[in-house]
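Open the structure and keep the sequence beside it. Work through each exercise before you read its solution.

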Amino acid sequence: MFSFGKKPTGSDAASGDDGLVFDATDQTFMTDVVEASRTTPVIVDFWATWCGPCRQLGPDLEKAVRSAGGKVKLAKVDVDQNQMIAGQLRVQSIPAVFAFVDGQPIDGFMGALPASQIQQFVDQVVKAAGGQAGASEGEQIEQALAAGEEALKQGAIAEASQIFGMVLQADQTSIAAIGGLARCYAASGDLDRARQVLGMAPEEAEEDPAIVAARSAIDLAEETAGAAAAMSANRAKLEADPNDHQARYDLAMGLLALGDRESAVSELLDIFRRDRTWNEEAAKNQLMKLFEAFGPTDPVTLSGRRKLSSMIFA
């Protein structure tokens, strides 16, 4: 789904197994670069182990190529070991970079460039070959986080966990991914793992919305444990006495445990409507905790907040 992740950098990346970055030689250049560029653009990086600017350029160039998601490849040519092809292309100083499309060199540059200019170069090569520039790693992570949130919202906990886990492999400091994965474990009932993941967040992120949401999700999971089993009894109590607020509160927790978030919010709103001060405003406090756990843009949160506000200011 997403191609980001921890990638090897520098000349070591040429030994990666994704096929996007590879070593080319005098013997393989015609096949691996010229002919291969007829189907996928190939950028060639002429470098040497002793070249400081090469070591500066290499990781950024490899990262930009990989962020294109397979729309371009990178061939690395050690000029000390492959002088023939370097001479044919009149490489006089390194690093020297050439882009091949349809068997022909179409663009290039010499010397180390800033990462932003390298990304622009790679994007231009992709577009010149008729493709679209690939998303940057940051954009891919944002897309992944959105996909993880949507999967979790739909109840696809395993899928959401996998996505958030992938993000953390790429960026161990992602607060959104830490919070998302903790919420996944909370939703699956593995509260110990949820707390363990939440512990990855630094202290300064304690009030971050993602961490607040995860903490609330863990608290709610603890409160709703076993609540579903008592739902029938609580419904019977409410039939006998609609103002049995404790029974309605417990019913809401049972509904939440079963994943019926809208009904849970509705029952808590009903308690607030009937007696907003009951049990030290327990219904309102629990609603706020639910809204934190669901997230500020969740449809259930938005609807619930509107209804709660209308009652408060009625």
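The exercises below deal with a sheet, its helices, a cysteine pair and a helix pair, all in a predicted model.

**Exercise 1. The sheet**

Find the order of the strands in the open sheet, and then its edge strands.

*Solution.*
Step 1. Recall how strands join. Strands of a sheet pair through backbone hydrogen bonds, either parallel or antiparallel.
Step 2. Read across the sheet. Five strands lie in the order E1-E3-E2-E4-E5, and their pairing is mixed.
Step 3. Look for strands that pair on one side only. These edge strands are E1 (21-23) and E5 (104-110).
Step 4. Add the twist. From one strand to the next, the average is 25 degrees.
Step 5. Zoom in on E4 (residues 96-101) and E5. They run antiparallel, joined by six bridges. Across from Val101 stands Gln104 of E5.

**Exercise 2. Helices on the sheet**

Determine which strands helix H2 and helix H4 touch.

*Solution.*
Step 1. Take H2 (residues 52-67). This helix packs on the sheet and touches E1, E2 (42-47), E3 (73-78), E4 and E5. The direction of H2 makes about 165 degrees with that of E2.
Step 2. Take H4 (residues 115-128). This helix also packs on the sheet, where it touches E2, E4 and E5. The direction of H4 makes about 170 degrees with that of E5.

**Exercise 3. The cysteines**

Decide whether Cys51 and Cys54 are bonded or apart, and whether Cys184 is buried or exposed.

*Solution.*
Step 1. Recall the bond. A disulfide is a covalent bond between the sulfur atoms of two cysteines.
Step 2. Check the distance. The cut-off is 2.5 Å. The sulfur atoms of Cys51 and Cys54 are 2.4 Å apart, and the two residues form a disulfide. The count comes to one disulfide.
Step 3. Read the angle about the S-S bond. It is 80 degrees, and the link of Cys51 and Cys54 is right-handed.
Step 4. Check burial. Both Cys51 and Cys54 are buried.
Step 5. Turn to Cys184. Its relative accessibility is 1%, so Cys184 counts as buried.

**Exercise 4. Two packed helices**

Describe how helix H12 lies against helix H14, and name the residues that meet.

*Solution.*
Step 1. Get the geometry. The axes of H12 (residues 261-274) and H14 (residues 299-312) come within 11 Å and cross at roughly 10 degrees.
Step 2. Classify the angle. Angles under 35 degrees count as roughly parallel, so H12 is roughly parallel to H14.
Step 3. List the contacts. H12 brings Arg261, Glu262, Val265, Leu269, Phe272 and Arg273. H14 brings Val300, Gly304, Lys307, Leu308, Met311 and Ile312.
Step 4. Sort by class. The contact of H12 with H14 has seven nonpolar, one polar and four charged residues.

How values were computed. Residues are numbered from 1 along each chain as its sequence is written. This is a predicted model: local features need pLDDT of at least 70, side-chain atom pairs count only at pLDDT 80 or more; totals for chains, interfaces and linings use all residues. Side-chain values use heavy atoms; hydrogens and water are left out. Axes are lines fitted to C-alpha atoms, for helices over the stretch in contact, and angles run from 0 to 180 degrees between N-to-C directions. Helices (H or I, at least four residues) and strands (E, at least two) are DSSP runs, numbered from the N terminus. Angles under 35 degrees count as roughly parallel, over 145 as roughly antiparallel, 65 to 115 as roughly perpendicular and the rest as oblique. Contact means heavy atoms within 4.5 Å. Ala, Val, Leu, Ile, Met, Phe, Trp, Tyr, Cys and Pro count as nonpolar, Asp, Glu, Lys and Arg as charged, and the others, Gly among them, as polar. Two strands pair if DSSP finds at least two bridges between them. Buried means under 20% relative accessible area, exposed over 50%, partly exposed in between (1.4 Å probe, protein chains only).
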